[in-house]
Amino acid sequence: MDSFRTALTAVRDTLGWLPDPLVALLIVALAAVIAFSLHRWVRRSMRRLLAERHPFLFSIFAQVRGVTRLALLIVALMIAIP
């Protein structure tokens, strides 16, 4: 978590010449893109692991896709906003 926050701080320092609201918007957008990419990667991995062997678990995992995406987005924004 600290490395993610450190990377976002480096982005903020690099974009120091831009107005603060624009930098904040870019950091929040970057956090959202990272969260959605991580969710997609985990979803594909779980699909490969669960689809063949455990179809019941896979169906549960497929049904909570939106909830897990929202939860991961909230966590990423909690890290990025301070």
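**Exercise 1. Place alanine 32 and state whether alanine 32 is buried or exposed.**

Alanine 32 is found in helix H2; helices here are DSSP runs of H or I with at least four residues, strands are E runs of at least two, and both are numbered from the N terminus. The model is predicted, so local features need pLDDT of at least 70, side-chain atom pairs count only at pLDDT 80 or more, and totals for chains, interfaces and linings use all residues. Residues are numbered from 1 along each chain as its sequence is written, and side-chain values use heavy atoms, with hydrogens and water left out.

Next, take the accessibility: alanine 32 has a relative accessible area of 16% and is therefore buried (buried is under 20%, exposed over 50%, partly exposed in between, with a 1.4 Å probe and protein chains only). Finally, the C-alpha atoms of alanine 32 and leucine 73 are separated by 6.0 Å, although the two are 41 residues apart along the chain.

**Exercise 2. Find the elements that give two or more residues to the positive patch.**

Start with the members: Arg40, Arg44, Arg47, Arg48, Arg65 and Arg69 gather on the surface in a patch of positive charge. Patch residues have over 30% relative accessible area and no salt bridge; like charges are joined within 9 Å, and nonpolar side chains (Val, Leu, Ile, Met, Phe, Trp, Tyr) within 5 Å. A salt bridge puts a side-chain nitrogen of Lys or Arg within 4 Å of a carboxyl oxygen of Asp or Glu.

The elements sought are helix H2 (20-50) and helix H4 (65-80). H2 gives the largest share, 4 residues. Arginine 47 lies in H2 and, at a relative accessible area of 36%, is partly exposed.

**Exercise 3. Identify the helix with the largest share of the nonpolar patch.**

Phe56, Leu57, Ile60, Val64 and Val67 make a nonpolar surface patch of about 470 Å². Helix H3 (residues 55-63) supplies its largest share, 3 residues. Phenylalanine 56 sits in H3 and is exposed, since its relative accessible area is 61%.

**Exercise 4. Describe arginine 12 and the confidence of its helix.**

Arginine 12 belongs to helix H1 and counts as partly exposed because its relative accessibility is 43%. Its C-alpha atom is separated by 8.0 Å from that of alanine 24, 12 residues apart along the chain.

For confidence, use pLDDT, the predictor's confidence in each residue, from 0 to 100. Among the elements of the chain, H1 (residues 2-14) has the lowest mean, 76, and H4 the highest, 88. The chain mean is 84, and 98% of residues reach 70 or more.

How values were computed. Accessible areas come from the Shrake-Rupley method with a 1.4 Å probe; for residues, only the protein chains shown count as cover. Lys and Arg count as positive and Asp and Glu as negative; His and the chain ends are not counted. The place of a charge is taken as NZ of Lys, CZ of Arg, CG of Asp or CD of Glu.
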